[in-house]
Amino acid sequence: MTQRIDDYALIGDLQTAALVGRDGSIDWLCLPRFDSAACFAAILGDEDNGHWRIAPKGATTCTRRGYAGDTLVLETYWETRTGTVKVVDFMPQRDKAPDVMRIVEGVSGSVEMSAVLRLRFDYGSVVPWIRRIDGHRVAIAGPDSVWLRSEPPVKTWGQQFSTCSTFTVAAGEKVAFVLTWHPSHEPRPKLIDPFVALEQSLSEWRAWSSRCTYEGPYREAVMRSLITLKALTYAPTGGIVAAPTTSLPEEIGGVRNWDYRSCWLRDSTLTLGVLLAAGYVDEAAAWRDWLLRAVAGDPADLQIMYGPAGERRLPEMTLPWLRGHADSAPVRIGNAAVEQFQLDVYGEVMDSLHRARQAGIPPQRHAWNLQLSLLGFLESTWREPDEGLWEVRGPRRHFVHSKVMAWVAADRAVRTLEADPSLPGDAARWRAMRDEIHAEVCEKGYDSRRNTFTQSYGSRELDAATLLIPQVGFLPPEDPRVVGTVDAVRKELTQGGLLRRYSTEGVSVDGLPGGEGTFLVCSFWLADALWLIGREDEARELFERLLKLRNDVGLLAEEYDPVARRQLGNFPQAFSHVGLVGTALALPWAETAG
């Protein structure tokens, strides 16, 4: 039976990540990077596309599971007729080669276990050649090589292009499995003791988590979200991928399936803000440095997203041999939206760098010159239509949120110069630009009859992104136009008490068939907006409802279907967890979380 999106938990080593189902199967893993080809892709097809399951013989679903405190070490318990067993899944932060480690530990009685490893390189399409070398099972195909070993050794055999084993664990006994990837032309990496690696991983994650400065009533949810953001960080560069997966559907059976294994500039401001607010200055500085490297060059060439190391070329293609999660095709890798023109990213970059300065992160010498270049380009292009924050694949429009973020870019430049007049720049010119954008948005992007800002100039459609207007300082929260926008968006875009990002009914602005779920980060934005306009009880009620949508290990996808009561979209989603942390930090409630 296909696992639902919210049936999965996350493990990772800060360079890639795996998804582990309630049935004990790892159904998604890309090696060696987040954006590499998957060797386990069952989540987008079936078992023949690659998976690795360890579970009691005959069992279907675990009894319970959770992370070991504030870590990324997953503990899954299985209670059977003959005893109880625990499976510990983790990926130690790598020295060179990535390892997936699974330790089976007897808790009580005696349990017969079954393990099946089905490696399928290149997104589930390539069956490797498997042989035995020095007590290992070694799988090789093209550039990929995977070594499997167990401690103590467990007898394995081949069956239907898989590696199978059965073994029994009694109370107090442990059996560790280690899967290691390396380029097939290189020698086998050095062996790592899985039991020592477990203790090191626990220690490292606990030390990292102890740096969190948030001590409010929602610390457990905040901490899990921060750990998830850390897990989505590509450690060599500091880039943070939007999600570790591709093509998990926004509608079951639909075509809105995209590759999120890249770093989006739209996430930069909010991500930087929550990292700083939670005490993670080093991570914020690394993200700032990634941002500066990624956007360096001609401002006209600024992209909305980049690869984990700042790669620019992310060609989109479909994988026809994968049927898609829950038969939701096509499965895509790469993202054609990288070619889009989006005005908002200029504002997000300017705001991120402004926040970094305010937080005392030492500025890079070239950063201000880069910002001057970006602003100079924006000065001549902000009047143009664009594809907008949501990367619509329909015609370009004058999106209100895009214009507001162009205003943010000019505003942050003015504020920076006011704070440090020694910097070069024409503050008067940028004030004039800021004022012109503001006047135009208020004239063309505001519907006075309905007392709301609209999605684009002259349209009747609404957009949840306009909820950010008071948050970025475009208008004060008490402005009647802000209150009206909050009320209108809430009324027209709410489904089952949660918020859609925009309407997909009728002739959709995004040019795509079908619909999508409610967008979780938009519901967090609504909670923020409700608090800003003074409706604290409503804000808290919505926030606590959103917390209940997390799965059993505290993770959120991009979207939620309130009718089917299931998470949708790529998983776990950085933007959703950024929204959770941002709202928790913004709402100063003294009450104890229920």
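In the charge count used here, Lys and Arg are positive and Asp and Glu are negative, while His and the chain ends are left out. On that basis the protein has 65 positive and 78 negative charges, and the mean positions of the two sets lie 3 Å apart. The model is predicted.

**Overall build**

The protein holds 13 helices and 28 strands. Its radius of gyration is 25 Å, close to the 25 Å that the globule rule gives for 594 residues, so the protein is as compact as a globular protein of that length. Taken along the principal axes, the box filled by the C-alpha atoms is roughly 75 × 45 × 45 Å.

Of the 594 residues, 62% are buried. The protein exposes about 22100 Å², and carbon and sulfur atoms supply 50% of this area. Among contacts with a separation of 6 or more, 66% are between residues 24 or more positions apart.

**A sheet of three strands**

Strands of a sheet pair through backbone hydrogen bonds, in either a parallel or an antiparallel way. One open sheet in this protein has 3 strands in the order E26-E27-E28, and the pairing is antiparallel. Strand E26 (518–519) and strand E28 (566–568) are the edge strands, each pairing on one side only. E26 is joined by 2 bridges to strand E27 (residues 559–561), and these two strands run antiparallel. Thr518 has Tyr560 of E27 as its bridge partner.

**Backbone exceptions**

Most residues other than glycine have a negative phi, and most peptide bonds are trans. The table lists four places that depart from this pattern.

| Site | Feature | Value |
|---|---|---|
| Leu31 to Pro32 | cis peptide bond | omega near 10° |
| Phe571 to Pro572 | cis peptide bond | omega about -15° |
| Glu391 | positive phi, not a glycine | phi about 55° |
| Arg565 | positive phi, not a glycine | phi near 55° |

Where in the fold is Pro32 found? Pro32 sits in the loop between strand E3 (25–30) and strand E4 (38–40). Pro572, which follows Phe571 across a cis bond, lies in the loop between E28 and helix H13 (574–586). E28 is also an edge strand of the sheet described above.

Glu391 belongs to the loop between helix H7 (367–381) and helix H8 (400–419). Is Glu391 buried or exposed? The cut-off for buried is under 20% relative accessible area. Glu391 has a relative accessible area of 12%, so this residue counts as buried.

Arg565 lies in the loop between E27 and E28, two strands of the antiparallel sheet. The cut-off for exposed is over 50%. The relative accessibility of Arg565 is 63%, so Arg565 counts as exposed.

**The surroundings of Pro189**

Another loop residue, Pro189, is placed between strand E15 (174–183) and helix H2 (194–209). Which residues are in contact with Pro189, leaving aside its neighbours within four places in sequence? They are Ala97, Thr180 and His182. Pro189 and Lys96 are 93 residues apart in sequence, yet their C-alpha atoms are 7.9 Å apart in space.

Notes: Residues are numbered from 1 along each chain as its sequence is written. This is a predicted model: local features need pLDDT of at least 70, side-chain atom pairs count only at pLDDT 80 or more; totals for chains, interfaces and linings use all residues. Side-chain values use heavy atoms; hydrogens and water are left out. Helices (H or I, at least four residues) and strands (E, at least two) are DSSP runs, numbered from the N terminus. The radius of gyration is taken over C-alpha atoms; the globule rule is 2.2 Å times the number of residues to the power 0.38. Buried means under 20% relative accessible area, exposed over 50%, partly exposed in between (1.4 Å probe, protein chains only). Contact means heavy atoms within 4.5 Å. Accessible areas come from the Shrake-Rupley method with a 1.4 Å probe; for residues, only the protein chains shown count as cover. The place of a charge is taken as NZ of Lys, CZ of Arg, CG of Asp or CD of Glu. Two strands pair if DSSP finds at least two bridges between them.
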